Structure formats: C-alpha cells, structure tokens
Amino acid sequence: MHSDFDLVVIGGGSGGLAGAFRAAEHGARVALLEPGPLGGTCVNAGCVPKKAMWLAAEVAGKLGFAARLGFPAQDCALDWPTFIAHRQRYIANIHASYQQRLEKAGIALLPLRGRLTGPDTVECEDGVRLQARRLLLATGGQPVRPDMPGAELAATSDDFFHWTAAPARVALVGGGYIAVELAGVLQALGSAVEVFVRGQRLVDSFDAQLTAQLAEDYRQAGIRIHFGCSVEALEQAGSGLRVIAPGADEAPFDEVLLATGRRPDTGTLGLEAAGVKTDKRGHIVVDERHDTNVDGIHAVGDVTADLPLTPVAIAAARRLMDRLYGNRDRPLDADNIATVVFSHPPMGKVGLTEAAARDKHGDAVHVLTAGFRPMLHALVDSPQRSLFKLVCVGAERRVVGIHLLGEAADEILQGFAVALKRGITLDDLHDTVAIHPTSAEEVVLMR
Ligand SMILES: Cc1cc2nc3c(=O)[nH]c(=O)nc-3n(C[C@H](O)[C@H](O)[C@H](O)COP(=O)(O)OP(=O)(O)OC[C@H]3O[C@@H](n4cnc5c(N)ncnc54)[C@H](O)[C@@H]3O)c2cc1C
Ligand SMILES: NC(=O)c1ccc[n+]([C@@H]2O[C@H](COP(=O)([O-])OP(=O)(O)OC[C@H]3O[C@@H](n4cnc5c(N)ncnc54)[C@H](O)[C@@H]3O)[C@@H](O)[C@H]2O)c1
C-alpha cells in the first residue's frame, strides 16, 4: 500500500488534470491515474479535434465563395490525411505540454485504470494500492447507443475521429450538440447528410427561434433533416447500413453515426466498495461544492450531473482544490454559463432563453431581435443570415439572455457573457459605442 499522497485523482481529462494541477499548486502531493492519452475526451475525441474539423469545414465554405468573389476557381476537396496530420500534431503538442507540466508540478502520473476499494483506497489495474486522505473522481463519460436492433453496427463520435475521408452518404441520429456539429462538418466537406431527430427541434436547450433558423440554414446548405422521426433499427445492406425509420429511403448509407447523448463512465470505478451514491442516470451525486456523500471523496465533470462542458469541469475542479488546499471557498455558479454549438454558422447562448424567461418573469420580459446578413455573405449573395436576440426583464430592462446565431457568434459571445453576469441593462449596451463594421456591433445597436 502506498500512502505518500494527499490526493489521488482518477481520470486525466479536463476536470482531473485541472484538479491535479491546482491541488499541486497549493502544495498537495498528488497522484493521477489515466490509462489513455492525457486530456481525456476534450483533447482526444471532443472539443479539440472537433474544432479542427469545424475549422476545415469553415475553410471549405470560404473556398466555395472564392470563385464568386473573383478569385481563380480551385478544387475545394479536402485531402483528409493531410489535414488529419496537422490536427494530430496539434494534439500531440497538447499531450507533450501536459506531460511537462505534470513533471514540473511533481504530480505522479500512473498510466493505469483505477478502482475504489474503500473510502480512501484505490487499486490500480496492476494491483498496486494507493491510500490518500482525498480522492477526486473525474472519469468523464462515454457515448450512449440507443436500445434498437443494429445499434452496434453504427459509429459514434469516437469513431468519427478515426475516419480518413468524408463518406459519400451519411446519416446522423440525434438532434443535440454532436449531431448538429458533425452534420455541418460533413456537409461542408462533401458528404450528402441526413439527420434523424426524434423531437421537433435541434439542440432544444437553445432558443427556439434560433434553432429554427439554424435548421433552415442547414436545409439551404443541402442537409436533409427528418424531425419527429425515431429510428427503429439499422440493418446491414452490403457495405452500408439501411436506416429503418418513417420517411427514410431504402438506399443504404455509407455510414450511420449515433449522437444520442453520453453516459457517465462509472461502470468499473468500484463506487459500491466506497459507498458513493449515484443518481438514476448513473451520475455521481455531488453537492454544490462537489463533495460526494462519502467524506474525502469528490467528483467533477461529466461523471456528475453538471453541464457536460470542458470549462465547467475545469472550473469545478479548481474551485474544489482552492477550498480543500487553498482556504478559498467559492462554489461554482451554475447559472449563466455561456455555451456554443459549433454549427455552420455557430450558435451561442448565455442566460435564459425567451421561453424560460417568460416562464420565470411573465409579462416583465422584453425581447429584441436583429436579423441581418453578414457583409461577406451579402458580397457573395449567399442566403445565410445572422439572428441575434436579447432577452431583458423589468422596467430597467436587465439583460438575462443573449442568443447569437451567425458568423463569429462563437467569438463574440464570451465578452458579452461577462457583461450579462455583471448584471448589465439594455441602456448599458446602448451606451457602448459600436465597433463598425462588424457583426458584434448589432448586439449594442439592437432596438
Ligand atoms: C464530440 C464531442 C465534442 C465536444 N465539444 C465540446 C466543446 O466544443 N466544448 C466543450 O466545452 N465541451 C465539449 N465537449 C464535452 C467535453 O469534452 C467534456 O465535457 C469534458 O471532456 C469532460 O471532462 P471530464 O474531465 O469530466 O471527462 P473526460 O475528458 O472524458 O476525461 C475522463 C478521463 O477519465 C479516464 N478514465 C475513465 N475511467 C477511468 C478509471 N477507472 N481510471 C482512470 N482513468 C479513467 C478516461 O480515460 C478519460 O481520459 C465535447 C464532447 C464530445 C464527445
Ligand atoms: N460545443 C460544445 O460545447 C459541445 C459539443 C459536443 C458535445 N458537447 C457536450 O456533450 C454532450 C453530449 O452531446 P450529444 O450531442 O451526444 O448529446 P445531447 O444531449 O446534446 O443530444 C442528444 C440528442 O439525442 C437525442 N436522443 C437521445 N436518445 C435518443 C434515441 N434513443 N433516439 C433518437 N434520438 C435520441 C436527444 O433527443 C438529443 O437530441 C452535450 O450535451 C454537450 O454538453 C458540447
């Protein structure tokens, strides 16, 4: 039994690494267990490779405009292996940087899976046991396959990052973040894309007006979206897969990608041995300070029911370690977390949607919208329009929701999220001199 550590962290993704680094900064002796590549989902099969593919798709879109603007026409097809080499080099640099930082911080990295054997002990897969006053569980999540015949034949987002070419014809099942993002990427990179959405909307945590406009943008781009359509089964058809669903064609797809949510990865974590409670969806139950029901055991990130976003896992882990080792207690404020879907164009939100604001504040809600064509799209006469929306409340018109769909929405939103969190009013926006000509200026000019 090794008991030289104050903290053992299980999982070296966004939350686990952030927690390990912050605890070590405060002087704790830390061991980190991670059997896979450092950085977890975000770095290896999530945010980072996804954003790289999104950037490739954005470049493809701009190349499509080039000839219309007077640049000589050129072949726009992406050579995936070349691009993937750039993407993976970028990721390898992140791995190397984490490795160096761990060494510098004196954190012991054990490239092993861990399992709880009691409230303060972890058994590594090589049989070595570690004991520590505190344990941080940060094992993240895994894609869920719906319970239907043939589900095992389909790909998930994990598989997508091993693809080396755009499939000629691809179906996505799901209408959330991943389905919308990968549909946009694949369409821009040359696939014929169909999306099967069980409900009536894309990403239903976002404002309904913006998601309707995004669905229209996708249709204009050539993506076929089947709303209210539950896939019943998948069948092998030659080298492809046939989708069995109302309204689906007989013709098989070259690939079917399931994007139907993710589940917490606790299956082999030994939670029962330590008596750690989970909820009915399998998430580890934590309080607002990320303590579990067992003294000394904490959890952050996608393994909990927190919003499954990298910055949320990081913020929770840092605050936890500041409290445990740095004498600074500031629980994570789960309200007003800004988030972006990397669609084409991107769509971001912070605060309440119009519907949520009306539920909470009734008639005191005041909504402003601006629909416009960004200059590049006007120059090439592309139909894509931006749609920005402000949700305000009360006589002072306090801004409680900002919703942006359009070019650069992903980059514009962060600064306005700070302002919303600080409690700005519509007058504060109007008092701010615009930056012209930009899309961002529409936020301060909306009347
Ligand atoms: C396709 C996709 C795109 C995404 N895009 C974005 C985005 O653009 N922006 C954003 O904010 N979020 C995005 N996310 C979500 C984001 O990736 C997650 O919220 C984030 O990675 C969660 O961090 P985590 O530390 O909780 O878990 P993870 O990053 O999943 O890390 C968990 C780690 O624990 C390890 N582990 C599991 N079991 C054990 C064990 N028993 N012992 C030791 N180690 C173990 C795993 O190997 C893994 O490395 C995306 C997710 C996906 C799937
Ligand atoms: N840009 C980002 O920040 C980003 C990008 C990707 C993922 N993520 C995070 O990862 C999480 C997981 O992404 P996701 O897209 O897998 O999940 P999601 O929760 O966003 O969407 C899941 C979708 O699958 C549908 N669905 C569920 N079960 C189904 C079934 N049996 N048949 C048909 N449809 C079904 C749901 O109705 C929903 O539309 C997200 O919630 C998000 O927090 C974030």
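Two strands are said to pair if DSSP finds at least two bridges between them. In this predicted model, strand 16 and strand 17 (residues 347-351) meet that condition, pairing in the antiparallel sense over three bridges. Within this ladder, Val 340 stands opposite Gly 348 of strand 17.

A wider view helps to place these strands. Strands 16 and 17 belong to an open sheet of five strands, ordered 16-17-20-19-18 and paired in antiparallel fashion. Its edges are formed by strand 16 (339-341) and strand 18 (365-372), each of which pairs on one side only. On average, neighbouring strands of the sheet are turned by 15 degrees against each other, direction ignored. A helix joins the picture here: helix 7 (residues 208-221) lies across strand 17, strand 19 (386-393) and strand 20 (398-405), and runs at about 175 degrees to strand 19.

Attention now turns to the interior. In soluble globular proteins, nonpolar side chains tend to be buried together. The largest nonpolar core here holds 71 residues, of which Leu 172, Leu 182 and Ala 183 touch the most other members. Helix 6 (residues 177-188) gives the most to this core, contributing nine residues. Leu 172 offers a handy starting point for exploring the region: neighbours within four places in sequence aside, Leu 172 is in contact with Ala 179, Leu 182, Ala 183, Val 193, Val 195, Leu 257 and Ala 259. A second core, separate from the one around Leu 172, comprises 49 residues, among them Val 9, Leu 17, Ala 28 and Ala 299.

Terms used
Residues numbered from 1 in each chain as written. Chains lettered and ligands numbered in written order. Predicted model: local features only at pLDDT ≥ 70, side-chain atom pairs only at ≥ 80, totals over all residues. Core = buried A, V, L, I, M, F, W, Y, C linked by C-beta atoms within 7 Å. Buried ≥ 20, exposed ≤ 12 C-beta atoms within 10 Å, placed from the backbone. Helix = DSSP H or I, 4+ residues; strand = E, 2+ residues; numbered from the N terminus. Contact = placed C-beta atoms within 7 Å. Axes fitted to C-alpha atoms, helices over the stretch in contact; angles between N-to-C directions.
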